[in-house]
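Here is a short report on pockets, core and ring pairs. Look at the structure first, then read on.

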Amino acid sequence: MSVSRRTVLATAAGTAAAYASSGQQAQAAAGPAPAHTVRTLRAAADYAVDKVRSVAPGVTGFPVGTKFEKWVYSQNGDWVGGFWPGTLWMAWLHSGDGAFRTWALESAQKLAPRQNDTGTHDLGFLFYPSWVTAWRLTGEDTWRAGAVRAADSLIQRYNPRGHFIRAWGALNDPNNAGRIIIDTMMNLDLLAFASKQTGDDTYLNIAVEHAKTTQRVFVRPDGSTPHAFDIDPDSGAPIGQATVQGYSPTSCWSRGQAWGVYGFTTIHRRTGNQQFLATARKLADFAIGALGSDHVPVWDYRAPQQPYDVKDASAGAIMACGLLDLSAVTGSQKYRDVALRLLTALSETCLTRTSSRAEAVVARCTRNRPAEDGIEISLPYADYYLLEGILRVLRPSDVDRAIDLSAL
C-alpha cells in the first residue's frame, strides 16, 4: 500500500475507526491464502475495479440486473439499491482511487427517500452497504443518522404475535401479512447497528426474535431451508413452508441458503448467541455437501436437473463471504478452504472477461428461475459480494473498517 493511499484510508475512516474489531484479528489469524489463490483473487479484484471504473460514469440509476449484458436500472433502488454504492466502496478500498469514493457518496445519497419506507423488509440491503459503510469510512453523521432512521422504518414491520419481521407488502395489506423469507436474515444487522448507535435494545431484540423464529421454522433436520414460511399473522401459529424463488416448498434455493449462512453468522457475532452459530454451521455444512465439483452453485440444490441445472454465481459469492466469516468466528479451516475454492471458481469461470460489451463483473447468475426472470445474467449483488469476499481475504482490515467484522 502506498503512503498516499494509507493516509487517505486512515483519514477517511474518521471516528468510525474506533470500532477496531476482534473479527479483523480472527480473519488475520486464519493465515495467508496460498500464493496462487492470492494471485487469482487479486487479478479478479483488479478486473472488477477496472470494469466498475469504466462503467460508473455512465450509470444512470441503481443496477438491478443485465439485459444483453447491459445494466438495467431502477431509479429508487428497488431492493438492491445498496449494492452499487457498496461495490463502489469496495472498489475504493482496493484501489484507493478517490473517484470511487465520490461516486459511492453520490449514489448512496439517492437512497435518502427510502429511509422512511415501511413497505419493505429490505432496508438492511439498501442501507448497510451504502449508508452504514459511508459513515464508517467518512465519519460523517448524516449517514449514521439516516441508517438509524431506516432501522426505525424496518422495526415497524415486526409482528409481536409471531415474533417475525414481515417480508412483503404494505403494513395495511392483508396479503402476505404472515410471510417470512430467509433473505430477511441479511437485514437484521441494520437493527444491530441501530441498537449500538442509540443504546436502545429494541432494535436488536427484534432482530434476535426474528432470528429465533427463522431458526425454529426454516431449518430442516439436514440443514437445508425453504425460501419462505407462512405464519398466521393474527395468532402467530406456524402454517408451513412455501417458496417463490425455489423449485418447491421442500427444495433448497441456493441463494437463500447462502443468505442464511451469512445472516446467522452475523447475528451470532452481534449477540454471542451460540445457537445462532450452531445454525450457521448446520446450514453451511448442508450447502458445502450440495456443491458440485466446479464450486459454482446451481440455482436450487434440489432442483431435478441439478447438478447440471442453471447456475447462480451470486449464491457462491454470498456463501463465500459467509464461510469466511464462519471460519473467523469458529477457527475452522474447513470453511475458509471452501470459501477460497468458491472465490477461485467464480474468478476463473464466472467473470465477464471475454465479453467486450458486458457492464457487470460477474456472469452466470440467476435471479428467479421459476418466474423465468433473469436466467444466467449478471446481478449487482454478485459483483458486490465477490469483491467483499475477495477483500476479506486480501484486505481484512479494510473490510472491517467498512462493514464491521467485530464479534462479542
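Helices (H or I, at least four residues) and strands (E, at least two) are DSSP runs, numbered from the N terminus. A pocket is found on a 1 Å grid over the protein atoms alone: it is an open set of points where a 1.4 Å probe fits, with protein on both sides within 12 Å along at least five of seven lines, and lining residues have an atom within 4 Å of a point. This is a predicted model, where local features need pLDDT of at least 70 and side-chain atom pairs count only at pLDDT 80 or more, while totals for chains, interfaces and linings use all residues. Residues are numbered from 1 along each chain as its sequence is written, and side-chain values use heavy atoms, with hydrogens and water left out.

**Pockets**

Volume is the space filled by probe spheres set on the grid points, which are joined across faces, edges and corners. In the table, Ala, Val, Leu, Ile, Met, Phe, Trp, Tyr, Cys and Pro count as nonpolar, Asp, Glu, Lys and Arg as charged, and the others, Gly among them, as polar.

| Pocket | Volume | Lining by class |
|---|---|---|
| Largest | about 350 Å³ | 10 nonpolar, four polar, six charged residues |
| Second largest | about 240 Å³ | eight nonpolar, three polar, six charged residues |

The largest pocket is lined by 20 residues; D78, W79, Q245, R367 and N368 are the closest to its centre. The second largest has 17 lining residues, with A192, K196, R270, D404 and S406 closest to the centre. Helices α6 (123-138), α8 (188-198) and α10 (254-271) each supply at least two residues of that second lining. The most come from α8, with six residues.

**Core**

A nonpolar core joins buried (under 20% relative accessible area, 1.4 Å probe, protein chains only) Ala, Val, Leu, Ile, Met, Phe, Trp, Tyr and Cys residues through side-chain atoms within 4.5 Å. The largest one holds 131 residues, and L191, L323, V362, Y385, L386 and I403 touch the most other members. Its largest share, 10 residues, comes from α6.

**Ring pairs**

Rings of Phe, Tyr and Trp (its six-membered ring) pair if their centres lie within 6.5 Å; planes under 30 degrees apart count as stacked, over 60 as edge-to-face and the rest as tilted. The count is 22 aromatic pairs. W79 and F125 are edge-to-face, 5.1 Å centre to centre with 65° between the planes. W79 sits in the loop between β2 (70-74) and α4 (83-95) and F125 in α6, so the pair ties together parts 46 residues apart in sequence. F125 is buried, at 3% relative accessibility.

Terms used. Buried means under 20% relative accessible area, exposed over 50%, partly exposed in between (1.4 Å probe, protein chains only).
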